[in-house]
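Thanks for coming, everyone. I have one structure to walk through today. Please have a look at it on the screen before I start.

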Amino acid sequence: MTPVIVKRNALERAIVVICSSVLWVTMVLIFLILTANTLLRYASGTSLQWSNEIPELLFPWLVMSGVVLAAEKGAHIATVFLVEAVKASTKRGIEIISWSAVAVMYAVLVRATWNMLEIVHDERTPILLIPTSVTYGCLMAGMLMLALLALLSAYRALRGVQVARDDSEPGAQAAQG
């Protein structure tokens, strides 16, 4: 059976827009805060008290948005040489089982993180008093998006559908092996 090629659906497009926005906003904010603090330190010998806390809180958002974007583009780390050596029907079965397992594992991590939010909400940053649940919420949101993408991949494998990838995107050839 020849696989059907489809484009990104609304869920994937929404995830890309959300993660791209988070990626750019956090990167710009971290850069501006660190630059302003460095200039202030060299110009006047003082620094902003809170300037270390904000980048520390934003960095996990930056990383998680990049992880989700990489997974959406198929640029995650994978060992495929064994799977490529089997028949198409066997490969399809492996994809269905593995993507389903990945989705379940991420769902378990989302649930575990949800249970921890109340506990870590009481922990706060020293200066701005921002709850550390903000960072845990970022991880939970990222894992939820990864679970949804894995579930979508399992569904597509079940239907024999492949996503059309734009080879002109940076890193597309490296991601596809």
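Let me begin with a term. A nonpolar core here is a set of buried Ala, Val, Leu, Ile, Met, Phe, Trp, Tyr and Cys residues joined through side-chain atoms within 4.5 Å. Buried means under 20% relative accessible area. And please keep in mind that this is a predicted model.

So which residues make up the largest nonpolar core? There are 12 residues in all. Going up the sequence, we have Ile-15, Val-16, Cys-19 and Leu-23. Then come Leu-62, Met-64, Val-68 and Leu-69. The list ends with Cys-138, Met-145, Leu-146 and Leu-149. Three elements give two or more residues each to this core: helix 1, residues 10-44, helix 2, residues 53-73, and helix 5, residues 133-159.

Take Ile-15 as an example. Leaving out residues up to four places away in sequence, Ile-15 touches Val-68, Met-145 and Leu-149.

Now, the cysteines. How many disulfides does the structure hold? Zero. Cys-19 is in no disulfide, and the nearest cysteine sulfur, that of Cys-138, is 9.6 Å away. Look at it from the other end: Cys-138 is in no disulfide either, with the sulfur of Cys-19 as its nearest, at 9.6 Å. A disulfide would need the two sulfur atoms within 2.5 Å. Are these two cysteines buried or exposed? Cys-19 has 2% relative accessibility, so Cys-19 counts as buried. Cys-138 is also at 2%, so Cys-138 counts as buried too.

Let me zoom out to the whole chain. The protein has six helices and two strands. Read along the sequence, the pattern is β-α-α-α-α-α-β-α. Of the 177 residues, 28% count as buried. What about contacts along the chain? Take those between residues at least 6 apart in sequence: 74% of them join residues at least 24 apart.

Next, a helix pair. Two packed helices are described by the angle between their axes and the distance between the axes. How do helix 2 and helix 5 cross? Their axes come within 9 Å, at roughly 5°. Angles under 35 degrees count as roughly parallel, so helix 2 is roughly parallel to helix 5.

Who makes that contact? From helix 2, we have Leu-57, Pro-60, Trp-61, Met-64, Val-67, Val-68, Ala-71 and Glu-72. From helix 5, the residues include Val-134, Thr-135, Gly-137, Cys-138, Leu-139 and Gly-142. Met-143, Met-145, Leu-146 and Leu-149 of helix 5 take part as well. By class, the contact has 14 nonpolar, three polar and one charged residues.

Helix 5 has other partners to show you. Ala-147 is in helix 5. At 9% relative accessibility, Ala-147 counts as buried. Neighbours within four places aside, Ala-147 is in contact with Ala-103, Tyr-106 and Ala-107. The C-alpha atoms of Ala-147 and Val-102 are separated by 7.1 Å, and the two residues are 45 apart along the chain.

Ser-153 also lies in helix 5. Its relative accessible area is 23%, so Ser-153 is partly exposed. Ser-153 and Ser-98 are 55 residues apart in sequence, and 9.7 Å apart in space, C-alpha to C-alpha.

Over to helix 4, residues 88-120. Met-116 lies there. Met-116 counts as partly exposed, because its relative accessibility is 37%. Its C-alpha and that of Gly-137 are separated by 9.8 Å, with the two positions 21 residues apart in chain numbering. Arg-111 is in helix 4 as well. Buried or exposed? Arg-111 has 51% relative accessibility, so Arg-111 counts as exposed. Arg-111 and Leu-144 are 33 residues apart in sequence and 9.4 Å apart, C-alpha to C-alpha.

One last stop, on the backbone. Leu-129 is found in the loop between helix 4 and helix 5. Leu-129 is not a glycine, yet has a positive phi of about 60°.

That's it from me. Over to you for questions.

Note on methods:
Residues are numbered from 1 along each chain as its sequence is written. This is a predicted model: local features need pLDDT of at least 70, side-chain atom pairs count only at pLDDT 80 or more; totals for chains, interfaces and linings use all residues. Side-chain values use heavy atoms; hydrogens and water are left out. Buried means under 20% relative accessible area, exposed over 50%, partly exposed in between (1.4 Å probe, protein chains only). Helices (H or I, at least four residues) and strands (E, at least two) are DSSP runs, numbered from the N terminus. Contact means heavy atoms within 4.5 Å. Axes are lines fitted to C-alpha atoms, for helices over the stretch in contact, and angles run from 0 to 180 degrees between N-to-C directions. Angles under 35 degrees count as roughly parallel, over 145 as roughly antiparallel, 65 to 115 as roughly perpendicular and the rest as oblique. Ala, Val, Leu, Ile, Met, Phe, Trp, Tyr, Cys and Pro count as nonpolar, Asp, Glu, Lys and Arg as charged, and the others, Gly among them, as polar.
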